[in-house]
Amino acid sequence: MRKLKLIWDFRGPHASKTAEHHEIHLKEYITLEKLEITITGIENMNDMHSIAFLVVNEDAMKPIRDALKPHRGQVYED
């Protein structure tokens, strides 16, 4: 089964802290909705750009995408 990485971009001097905070909300959503998602995280692209993400199975992506409105997505590769 193909996995997709749903991504939220944050830019500016506080991007890293904002991404960290957003990941907390993603984990809360996973718990609230009782989802079997185990991969979330943040990545600092540079000093002014960070992302928060979660990884979902492709067949479960649409309702999560519609509810959480990620900025973009890509195929996830381990």
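**View 1. His-49 in strand S3 of the predicted model**. Here we zoom in on His-49, which sits in strand S3, a run covering residues 49-57. With a relative accessibility of 10%, His-49 counts as buried, because the cut-off for that label is under 20%.

**View 2. Side-chain polar contacts of His-49 with Asp-9 and Arg-11**. Which residue pairs up with the side chain of His-49 at 2.8 Å? That's Asp-9, whose side chain makes a polar contact with the one of His-49. The side chain of Arg-11 joins His-49 too, through a polar contact of 3.3 Å.

**View 3. The wider surroundings of His-49**. Skip the neighbours within four places in sequence, and His-49 is in contact with Asp-9, Phe-10, Arg-11, Ala-15, Asn-44 and Arg-72. Asp-9 and Arg-11 turn up again here, having already appeared as polar partners of the His-49 side chain.

**View 4. Stepping back to the fold around the site**. The protein chain has 2 helices and 4 strands, and going along the sequence they come in the pattern β-α-β-β-α-β. The radius of gyration is 12 Å, close to the 12 Å from the globule rule for 78 residues, so the protein chain is as compact as a globular protein of that length. Its C-alpha trace spans about 35 × 25 × 20 Å along the principal axes.

**View 5. Burial, contacts and charges across the protein chain**. Of the 78 residues, 36% count as buried. Take the contacts between residues at least 6 apart in sequence, and 70% of them join residues at least 24 apart. As for charges, there are 11 positive and 13 negative ones, with mean positions 3 Å apart.

Terms used:
Residues numbered from 1 in each chain as written. Predicted model: local features only at pLDDT ≥ 70, side-chain atom pairs only at ≥ 80, totals over all residues. Heavy atoms only, no water. Rg over C-alpha atoms; globule rule 2.2 N^0.38 Å. Buried < 20%, exposed > 50% of the residue type's maximum accessible area, 1.4 Å probe, protein only. Contact = heavy atoms within 4.5 Å. Lys, Arg positive; Asp, Glu negative; His and termini not counted. Charge placed at Lys NZ, Arg CZ, Asp CG, Glu CD. Polar contact = N/O pair within 3.5 Å; in protein donor to acceptor, adjacent residues only side chain to side chain.
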